[in-house]
Amino acid sequence: MKIITTIKEIRAALNQEKKSGKTIGFVPTMGYFHEGHLSLMRKAKENCDVVVTSIFVNPIQFGPSEDFETYPRNLKNDSKMAEEVGVDYLFLPSVEEMYSGECLAYVDVEKITKVLCGANRPGHFRGVATIVSKLFNIIQPDFVYFGEKDYQQLVAIKKMVDDLNFDIQVVGVPIVREKDGLAMSSRNKFLGLREREAALVLNKSLNLASEMVKNGEKDSIVIKKAMKRLIKKEPLVNLEYLSICDNIYLQELSKIEENVLIALAARVGKARLIDNVLIEGN
Ligand code: AMP
């Protein structure tokens, strides 16, 4: 695995690969790898000749009171894990490399990014869409891999790729969970023992909602009430939002439709956690 830190070098290396007709799969990340990240890399490995992973904790997607400074980092361990999975290039640009000089151009995906996490994190998705566009322009991948864990990010990137005519196929990869159901996240590191136990209620509430839909419940208010009742039993969990919405534009649904996304965010101690379930074919 080659570790590259400059835009010039990664461009030169990937140009060579493309000249020999190889397809490029790309997995953008913020590092501190777990099985969720590795599942994206494995999927890329299955589909593409060359796999590129980037680690970049992107300052412009964090709000002033968010965890940019304390975001977990462990480059040594990440490199080892990426190499074991068979990543060919690990791209590790510095903040100065990605944002040299004054940056005046940004990418904004409207509508989809104004709800759910976007309503509570102003500027977050503009930061995400901008860095992802920059990385797409640098790497020029054929396929890119995003986790369904960040469902809103996945649909926003898909829309951006369509609307701005990036010649890239976006692949969504299912959520990887711990054995007890907690969605894997780099931010789980912030959870104390008791908080980690309490956080399980998030997945449990999503499972409860799925059961209710399977049993024919169509009223979103009834489902939300049942979920909130369950979540309230854990005082360490502070729900930020709970949404029952369509899976394309993420707009609230009062009645369950054929495909429905149930998504939530909560604060548990120092961690802000997100989770979701997509229920199809109702
Ligand atoms: P991050 O490093 O948190 O920015 O995540 C990088 C990529 O990994 C994103 O596409 C995430 O959606 C994906 N990802 C993070 N956690 C998981 C998970 N538990 N299951 C699947 N994908 C994940």
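When I say that a residue is near the ligand, I mean that one of its heavy atoms lies within 4 Å of it. Please keep in mind as we go that the model you see above is a predicted one.

With that cut-off, 18 residues surround the ligand, and the closest are Met-30, His-37, Asp-150, Val-176 and Met-184. If we sort the residues of this shell by character, we find nine nonpolar, seven polar and two charged.

Let me turn to particular contacts, beginning with His-37, which places a polar side-chain atom 2.8 Å from an oxygen atom of the ligand. Gly-147 uses its backbone instead, with an N or O atom there lying 2.9 Å from an oxygen atom of the ligand, while a backbone N or O atom of Met-184 lies 2.9 Å from a nitrogen atom of the ligand. How much of the ligand does the protein bury? Taken alone, the ligand exposes 480 Å², and the protein buries 93% of that. The space that the ligand takes is, moreover, the largest cavity.

Which elements give two or more residues to the shell? They are strand S2, residues 24-29, helix H2, residues 35-47, and strand S5, residues 143-147, and of these H2 gives the most, with three residues.

Finally, a word about the aromatic rings, for the structure holds six aromatic pairs. One of them joins Phe-26 and Phe-136 in an edge-to-face arrangement, with 6.5 Å from centre to centre and 75 degrees between the planes. This pair links distant parts of the chain, since Phe-26 belongs to strand S2 and Phe-136 to helix H6, residues 124-139, and the two are 110 residues apart.

Key:
Residues numbered from 1 in each chain as written. Predicted model: local features only at pLDDT ≥ 70, side-chain atom pairs only at ≥ 80, totals over all residues. Heavy atoms only, no water. Polar contact = N/O pair within 3.5 Å; in protein donor to acceptor, adjacent residues only side chain to side chain. Areas by Shrake-Rupley, 256 points an atom, 1.4 Å probe, with all protein chains shown as cover. 1 Å grid on protein atoms, 1.4 Å probe; cavity = no way out; pocket = protein on both sides within 12 Å on 5 of 7 lines; lining within 4 Å. Sits in = over half its atoms within 2 Å of the grid points. Helix = DSSP H or I, 4+ residues; strand = E, 2+ residues; numbered from the N terminus. Nonpolar A, V, L, I, M, F, W, Y, C, P; charged D, E, K, R; others polar. Phe/Tyr/Trp six-rings, centres within 6.5 Å; stacked < 30°, edge-to-face > 60°.
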